[in-house]
Amino acid sequence: MDFINAIVLLLNYTVIPALTYGSQLALGAIFVTLVYGILRFANFATGDMMSFGTMVAVLITFYFQSLGISFGFLPTALLTIPPAVLAMIFYMLFIDKFVFSYYRVKKSPPVQLAMVSVGVMFVTQAIIRIIIGPFDRRFFDGEKFILKANEFKEMTGLNEGLTIKSTQAITIFVTVLVVSIMFWFLNRTKTGTSMRAYSDNEDLALLSGIDPKKVVLITWIIAGILATIGGVLYGLDKSYRPFVYFNNMLPIFAAAIVGGIGNPFGAFLGGYVIAFAEILVTYAYKKFFAYLLPEFMEPDSLMQLLSTDYKFAVSFSILVIVLLFRPSGIFKGKTL
Amino acid sequence: MMQHKNIIAAYSIMILLIIAVGVLQSWTIALTILNYCLISAVMTIGANIQWGYAGLINFGIMGYTALGGLAAVLVNVPPVKEAWKAGGSGMVVSLILIISGVYIIRTVLRKFENSKKRNYIVAAIIIIGFVIVRYISGPAIENIEAIDPAKTGFLGGLGLPIIFSWIVGGLFAAGIAFIVGKIALGLRADYLAIATLLIAEIIVSIIKHEDWLARGVKNVIGLKRPVPYEVDLQGSTWFIDLVEKFHSKKLDVITSLTERQDVLNQLVIDASSVYVKLCLAGLFLTVVIILLILTQKALYSPWGRKMRAIRDNEVAANAMGKNVVKEHLLIFILGSAIVGIAGAMMVTNDGLFTPGSYRPMRYTFVIWVMVIVGGTGNNFGAILGGFVVWFLWVEAAPIALFFINFFTAHLEETNAVKQHLIQSAAYFRFLLVGIGLLIIMRYRPKGLIPEKINIK
């Protein structure tokens with residue numbers, strides 16, 4: 001019984017939150033990796049682009065709420081994802097047309113494009129802050145829990161409760177859905193194959209008649225979908241605050257590089273690697289060991305490897321270790 | 001010749017702008033802007049050495065700035081004796097353990113050069129060392145932080161004049177840059193950018209959360225200045241006489257004696273803050289000039305030519321027998337050290353250390369915008385960039401407010417859009433800087449004052 005209690009404890013406090021957070025990171029990381037692989041630059045505006053999509057979703061959610069439209073027990077924000085994705089794609093294409101395409105045509109070095117993306121980051125941040133302000137906004141509505149701790153305890157008779165928030169279930173479900181559709185698209189359709197070819201070897205792809213404009217367009221469309229959905233899911237689970245989204249760019253980059261930049265599947269797993277590392281290293285295992293060990297061996301301290309203050313630092317340290325030993329990422333990405 | 005004229009013209013415009021702020025707004029604001037411009041100029045010199053001379057992207061400016069600030073605290077604050085008694089020995093033992101651990105790892109790395117055992121042994125040493133250090137330092141940290149947590153709760157510093165911290169800050173930053181450079185410099189350009197950005201974030205989070213070191217997010221206030229205090233100036237007769245002489249025309253018009261005294265008091269208060277800021281500006285200007293001379297000398301020395309050769313064609317430079325790895329590490333350390341100096345200067349200027357305020361937006365990306373807007377590879381350009389961008393960064397809000405009022409003049413005061421825009425006037429600085437960067441990158445990719453190499 002104690003053993004099951006310990007497992008439930010771990011599930012409740014580490015595995016489920018890590019899966020949720022990992023899914024949110026994974027979507028962002030695939031976005032980074034796609035832009036890096038196909039458009040060939042590190043996009044420092046990642047966090048703010050996600051923030052832009054989420055901002056549109058938040059605004060439409062507030063509008064819907066004022067009209068009295070709701071989505072039953074699901075959050076209204078899910079209804080607003082399609083228009084938000086459209087707005088995001090429109091914004092990205094606009095930026096691409098007026099900013100990025102010039103350097104792409106000129107074949108500027110990737111560093112220059114990265115610098116330009118810093119400019120885009122500033123502008124996007126300004127637009128977001130001018131439109132919605134820097135404040136914390138909660139836009140979650142609908143049923144909050146799927147499984148409450150008390151219900152679980154009554155059901156199973158265990159000491160430890162298991163809570164599943166509806167946002168967690170939605171996040172994992174939507175992520176799996178979106179990512180599987182995306183992989184199907186990349187691997188099985190002709191357009192997807194042409195995108196992979198373009199990423200692999202640009203000259204050869206152009207020689208075989210692949211239209212670069214179309215590839216870029218499709219890339220931004222997929223990027224828009226991923227960025228908006230990732231951002232909205234994160235906002236639903238925690239809350240929407242522009243500054244936090246900017247900061248989220250850092251673990252997302254870490255996830256993309258750990259997974260091997262340019263490799264979408266690696267980025268997907270990299271998100272979970274980072275999330276699990278952050279949560280497992282900063283979790284206090286005292287109660288867990290109290291269940292497993294006999295009473296006289298019960299630990300006095302919190303049994304916490306690092307305090308939760310160092311959550312971000314953990315993921316960055318993993319990145320540094322990976323860069324040291326496998327510079328192309330765990331799942332081979334583009335070489336350095 | 002053309003180049004010189006451009007530089008002189010650009011700097012004169014900049015100085016005129018600052019004087020305009022002094023006349024239109026107030027001299028205190030103008031001098032505050034000038035001081036920050038000078039500090040930014042030091043940072044841009046540091047970033048420019050790395051990016052302009054050697055083509056290394058360092059997005060970790062924030063981390064080195066924070067290290068400089070930490071140095072200012074550790075040098076200036078008097079030591080907290082009780083804290084040393086309570087936990088000093090534990091911390092010293094931990095430090096010795098960490099240093100010896102590093103040495104053991106180094107010897108292991110040398111002994112087992114090509115074996116798989118190496119990584120496991122190193123990992124085991126790190127894990128065991130981590131547990132031991134935590135076991136020893138844990139109670140020590142608790143004891144230190146328990147001592148008068150509202151005021152101290154940390155080990156304190158050396159109690160020396162803060163000006164020494166400028167050198168110490170540079171050394172701190174250089175030391176960390178050595179480690180970071182060893183880890184990250186082999187990476188390709190954009191990976192290096194990401195890696196340094198994340199490492200800077202680690203450095204700042206350590207400074208933020210290790211309360212025993214510098215109080216963390218509880219901030220350290222009341223650092224002693226290297227220049228006189230306003231209150232002392234207001235009480236000293238020579239200063240009052242000076243102000244009286246300076247404003248004699250204005251004062252002579254006033255006949256009533258009490259009124260004259262009131263006006264004089266107000267003038268003395270204003271003048272004291274201006275005087276303090278001028279003193280600081282003098283100190284900062286000295287640092288900027290010294291660094292400028294040194295970096296200019298370096299740029300036109302054989303060493304500078306070597307760096308440019310490495311930047312422009314790494315492979316060719318390597319083939320010519322230049323040690324690219326070593327030079328990259330050297331320049332990474334030098335640039336970071338200069339940024340560390342700037343960090344210490346900034347804390348000196350503010351008189352307080354607030355680790356929570358170190359954010360990548362303000363301390364990394366804005367500095368990079370300065371370097372790119374000013375002119376990469378050209379020290380005069382980089383410094384000008386520091387001035388221009390910081391000026392815009394500060395004055396963007398008033399400018400934006402003016403334009404908002406101008407364009408919405410026909411709307412009523414209660415109009416929702418107008419009110420919203422006025423409230424968010426402060427965020428137009430992001431827009432201004434971002435669009436400025438995009439325009440410069442597109443139409444003048446080499447910056448306002450581009451790099452020019454005269455071959456003598």
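Helix α7 (residues 190-200) of chain A and helix α9 (residues 212-237) of chain A cross at roughly 105 degrees, and their axes come within 10 Å. Axes here are lines fitted to C-alpha atoms, for helices over the stretch in contact, and angles run from 0 to 180 degrees between N-to-C directions. α7(A) and α9(A) are therefore roughly perpendicular to each other, a label for angles of 65 to 115 degrees. Helices themselves are DSSP runs (H or I, at least four residues), strands are runs of E with at least two, and both are numbered from the N terminus.

A quick word on the model: it is predicted, so local features need pLDDT of at least 70 and side-chain atom pairs count only at pLDDT 80 or more, while totals for chains, interfaces and linings use all residues. Residues are numbered from 1 along each chain as its sequence is written, and chains are lettered from A and ligands numbered from 1 in the order in which they are written.

Back to that helix pair in chain A. On the α7(A) side, the contact is made by Thr191(A), Ser194(A), Met195(A) and Tyr198(A), and α9(A) brings Pro212(A), Val215(A), Ile218(A) and Thr219(A). Being in contact means that the C-beta atoms of two residues, placed from the backbone, lie within 7 Å.

Now for chain B. It has 19 helices and zero strands, and its C-alpha atoms fill a box of roughly 90 × 60 × 50 Å along the principal axes. Of its 456 residues, 41% are buried, that is, with 20 or more other C-beta atoms within 10 Å of their own.

The domain assignment, automatic or from a database, splits chain B into domain 1 (2-79 + 156-443) and domain 2 (80-155). Their centres, taken over C-alpha atoms, are 34 Å apart. Seven residues from domain 1 of chain B meet eleven residues from domain 2 of chain B.

Chain B also touches chain A, with 33 residues from chain B and 36 residues from chain A taking part. On the chain B side, α7 (189-209), α16 (360-374) and α19 (428-443) each give two or more residues. α7(B) gives the most, with 13 residues.

Here is how three of these contact sets divide by class:

| Contact set | Nonpolar | Polar | Charged |
|---|---|---|---|
| α7(A) with α9(A) | five residues | three residues | no residues |
| Chain B side touching chain A | 25 residues | four residues | four residues |
| Domain 1 of chain B, side touching domain 2 of chain B | four residues | one residue | two residues |

Ala, Val, Leu, Ile, Met, Phe, Trp, Tyr, Cys and Pro count as nonpolar, Asp, Glu, Lys and Arg as charged, and the others, Gly among them, as polar.

Definitions and conventions: A residue is buried if 20 or more other C-beta atoms lie within 10 Å of its own, exposed if 12 or fewer, and partly exposed in between; C-beta atoms are placed from the backbone. Angles under 35 degrees count as roughly parallel, over 145 as roughly antiparallel, 65 to 115 as roughly perpendicular and the rest as oblique.
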